[in-house]
Amino acid sequence: GRVALVHADAYRLGDAADPRAEIDDLDLDASVDESVTVVEWGEGLVEQLTDAHLRVRIDRREDDTRIVELEPVGGDWPQRLDGLG
């Protein structure tokens with residue numbers, strides 16, 4: 001019942017002319033079928049890893065509370081999210 005977690009901080013990548021090349025070098029797509037892959041600050045860089053994913057946006061308010069938005073993209077993500085409500 002365990003699932004591997006793969007984590008990357010895209011904001012830590014260098015200032016390469018093509019940041020997607022650096023994402024490719026991480027080889028994140030190699031384990032995407034058998035793990036949960038989390039890429040912080042990856043918008044615009046990692047959507048090509050898989051057709052189906054869950055986009056998580058966290059907005060930090062001035063009073064230090066946070067608003068979390070879950071956006072399903074493809075696959076069975078809409079049904080998975082419906083199951084949470």
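Here are some friendly notes on the predicted model shown above.

1. **The overall picture.** Start by finding the main elements in the viewer. The protein has two helices and four strands, and along the sequence they come in the order β-α-β-β-β-α. To get a feeling for scale, picture a box of roughly 40 × 35 × 25 Å along the principal axes, which the C-alpha atoms fill. Of the 85 residues in the protein, 18% are buried.

2. **How confident is the prediction?** The model is predicted, and the mean pLDDT of the protein is 86. A value of 70 or more is reached by 93% of the residues. Where is confidence lowest, and where is it highest? Helix H1, residues 19-26, has the lowest mean, at 78. Strand S4 has the highest, at 94.

3. **Strand S1 and its two ends.** Strand S1 covers residues 4-9, and Asp9 belongs to it. Is Asp9 buried or exposed? Asp9 is buried, because its relative accessible area is 18% and the cut-off for buried is under 20%. The side chain of Asp9 also has a partner: it makes a polar contact with the side chain of His7, at 3.3 Å. Ala4 is in strand S1 too, but Ala4 is partly exposed, with a relative accessible area of 46%. Ala4 and Leu49 are 45 residues apart in sequence, and their C-alpha atoms are 17 Å apart in space.

4. **The pairing of S3 and S4.** Now look at strand S3 (53-60) and strand S4 (66-73). These two strands run antiparallel, and eight bridges join them. One pair to look for is Leu54 and its bridge partner in S4, Pro72. Glu71 is also found in strand S4. The C-alpha atoms of Glu71 and His53 are separated by 8.6 Å, while the two residues are 18 apart along the chain. With 25% relative accessibility, Glu71 counts as partly exposed.

5. **Ile58, a residue to check by eye.** Ile58 lies in strand S3. Why does Ile58 count as exposed? The reason is its relative accessibility of 57%, since exposed means over 50%. A general point may help while you look at strands: in a regular strand the side chains alternate between the two faces of the sheet. For a sense of distance, Ile58 and Ser35 are 22 Å apart, C-alpha to C-alpha, and 23 residues apart in sequence.

6. **Two positive phi angles.** Which phi value does Trp41 take? Phi of Trp41 is near 60°, a positive value in a residue other than glycine. Trp41 sits in the loop between S2 and S3, where it is exposed, with a relative accessible area of 65%. Asp64 has a positive phi as well, about 75°, although it is not a glycine. You will find Asp64 in the loop between S3 and S4. That loop belongs to the hairpin of S3 and S4, which has five residues between the strands. Asp64 is partly exposed, at 40% relative accessible area.

7. **The largest pocket.** Rolling a probe the size of a water molecule over the atoms shows where empty space is left. In this model, the largest pocket holds about 1,200 Å³ of space. How many residues line the largest pocket? Its lining has 24 residues, and Thr37, Val39, Leu54, Arg55 and Val56 lie nearest the centre. Strand S2 (35-40), strand S3 (53-60) and helix H2 (77-82) each supply at least two residues of the lining. By type, the lining divides into twelve nonpolar, five polar and seven charged residues. Leu54 is a handy link between two of these notes: it lies among the residues nearest the centre of the pocket, and it is the residue bridged to Pro72 in S4.

8. **Gly75, between S4 and H2.** Finish with the loop between S4 and H2, where Gly75 is found. Gly75 counts as exposed, at 61% relative accessibility. The C-alpha atoms of Gly75 and Val36 are 15 Å apart in space, and these residues are 39 apart in sequence.

Methods: Residues numbered from 1 in each chain as written. Predicted model: local features only at pLDDT ≥ 70, side-chain atom pairs only at ≥ 80, totals over all residues. Heavy atoms only, no water. Buried < 20%, exposed > 50% of the residue type's maximum accessible area, 1.4 Å probe, protein only. Polar contact = N/O pair within 3.5 Å; in protein donor to acceptor, adjacent residues only side chain to side chain. 1 Å grid on protein atoms, 1.4 Å probe; cavity = no way out; pocket = protein on both sides within 12 Å on 5 of 7 lines; lining within 4 Å. Points joined across faces, edges and corners; volume = space filled by probe spheres on them. Nonpolar A, V, L, I, M, F, W, Y, C, P; charged D, E, K, R; others polar. pLDDT = per-residue confidence, 0-100. Pairing = 2+ DSSP bridges.
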